[in-house]
Amino acid sequence: MNNIISIQTKRGKVILKIEEEATQKEILSELKKKMLELKSLYQEDSTPILVTGQVFKNKEMEEIKEVIQNVLEVEVEFDSPKMLGLHGIKKAFSRDIATSETQFHRGSLRSGQKIEFEGSLVILGDINAGAEVLAGENIIVLGILRGMAHAGAKGNKEAIIAAASIESPQIRIANIVKEIERSEFEEQIKICAYIDEKGEVVLE
């Protein structure tokens, strides 16, 4: 892939724009090659570097930061959210997550319990009313989903929510909130939620 990283200076910052389709391996490899070019922009300057163009996981941000700071003593900022949830999403995006890092939680979640993970979450039990689950990617519940589930909680619109039965009053995918009328799940069992071509959350 060509031009994985482009470098420009703007408003007192050096901006590294990362190609959206690039993998982390490609980004780190290209970044190591670009460090000479980056270093030439700095004399005794401490202009911060802003990394933009792609939404990263926290671990990926640390890896990029390390490559830069091994060569330059500069502040490195990202426009990716560090926290999961609606308040952190700056832009929605679509990235295939057919394969993703997955965390399993054995047992049901009671009211007041909350689980967060940057990859996909599999809950081996129910999510009861008042419990919350936030995942950067997919949420799979082997029991009944009655609590709040937010998949794609860093903005990924390709994320899905699946359960034996979806009975929540509200679910979220990326930056879209879907309020569910009680009649919707009383008429027919809903087991999957995703964002369709119109940008709406669909329950099936």
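**Group meeting: a walk through the model**

Ala 174 lies in the loop between β12 and β13. Let me start there. This is a predicted model, so keep that in mind throughout. Phi of Ala 174 is near 55°, a positive value in a residue other than glycine. Most residues other than glycine have a negative phi. And is Ala 174 buried or exposed? Ala 174 is buried, because its relative accessible area is 0%, and the cut-off for buried is under 20%.

Now step back to the whole chain. The secondary structure comes to three helices and 15 strands. The C-alpha atoms fill a box of roughly 65 × 35 × 30 Å, taken along the principal axes. There are 204 residues, and 47% of them count as buried. On contacts: take those between residues at least 6 apart in sequence. Of these, 42% join residues at least 24 apart.

Next, the sheet that the opening loop belongs to. What is the strand order in the five-stranded open sheet? Reading across, the order is β6-β8-β10-β12-β13, with mixed pairing. The edges are β6, residues 114–117, and β13, residues 176–179. Each of these has a single partner strand, so one side of each is left without a neighbour in the sheet. Neighbouring strands here are turned by 10° against each other on average, direction ignored.

Look at one pair inside that sheet. Strand β10 covers residues 148–151, and β12 covers 170–173. The two run parallel, joined by three bridges. For a residue to click on, try Ala 149: its bridge partner in β12 is Ile 171.

Then β11, residues 161–166. This strand is mostly covered, with five of its six residues buried. Which strands does β11 pair with? One is β9, residues 139–145, in the parallel sense over five bridges. Within that pairing, Ile 140 stands opposite Ala 162 in β11. Another is β14, residues 192–195, which runs antiparallel to β11 and is joined to it by two bridges. There, Ile 161 stands opposite Ala 193 in β14.

On to the N-terminal end. Four strands form an open sheet, ordered β1-β2-β3-β4, again with mixed pairing. The edge strands are β1 at 5–10 and β4 at 76–78, and each pairs on one side only. In this sheet the average turn between neighbouring strands is 25°, direction ignored. Strand β1 runs antiparallel to β2, residues 13–18, with six bridges between them. One example: Gln 8 has Ile 15 in β2 as its bridge partner.

Two helices go with this sheet. Helix α1, residues 24–40, lies across β1, β2 and β3, and runs at about 40° to β1. Helix α2, residues 58–69, packs on the sheet and touches β2, β3 and β4. Its direction makes about 155° with that of β4.

One loop residue deserves a stop. Thr 47 sits between α1 and β3. Thr 47 counts as buried because its relative accessible area is 13%, against a cut-off of under 20%. What does Thr 47 touch? Leaving out residues up to four places away in sequence, Thr 47 touches Gly 12, Lys 13, Val 14, Tyr 42 and Val 74.

Last topic: pockets and cavities. The largest pocket has a volume of about 300 Å³. It is lined by 21 residues. Closest to its centre are Val 55, Lys 57, Glu 60, Arg 95 and Glu 137. How does the lining divide by residue type? Six are nonpolar, seven polar and eight charged.

The cavity count is one, at 30 Å³ or more. The largest cavity has a volume of about 30 Å³. Its lining is Val 55, Asp 79, Pro 81, Ile 89, Lys 90, Lys 91 and Lys 154. That gives three nonpolar, no polar and four charged residues. Notice Val 55: it lines this cavity, and it is also among the residues closest to the centre of the largest pocket.

To close, back to the loop between β12 and β13. Ala 174 has the positive phi and a relative accessible area of 0%. That is the tour.

Notes
Residues are numbered from 1 along each chain as its sequence is written. This is a predicted model: local features need pLDDT of at least 70, side-chain atom pairs count only at pLDDT 80 or more; totals for chains, interfaces and linings use all residues. Side-chain values use heavy atoms; hydrogens and water are left out. On a 1 Å grid over the protein atoms alone, a cavity is a set of points where a 1.4 Å probe fits but cannot get out, and a pocket is an open set with protein on both sides within 12 Å along at least five of seven lines; lining residues have an atom within 4 Å of a point. Grid points are joined across faces, edges and corners, and a volume is the space filled by probe spheres set on the points. Ala, Val, Leu, Ile, Met, Phe, Trp, Tyr, Cys and Pro count as nonpolar, Asp, Glu, Lys and Arg as charged, and the others, Gly among them, as polar. Two strands pair if DSSP finds at least two bridges between them. Axes are lines fitted to C-alpha atoms, for helices over the stretch in contact, and angles run from 0 to 180 degrees between N-to-C directions. Buried means under 20% relative accessible area, exposed over 50%, partly exposed in between (1.4 Å probe, protein chains only). Contact means heavy atoms within 4.5 Å.
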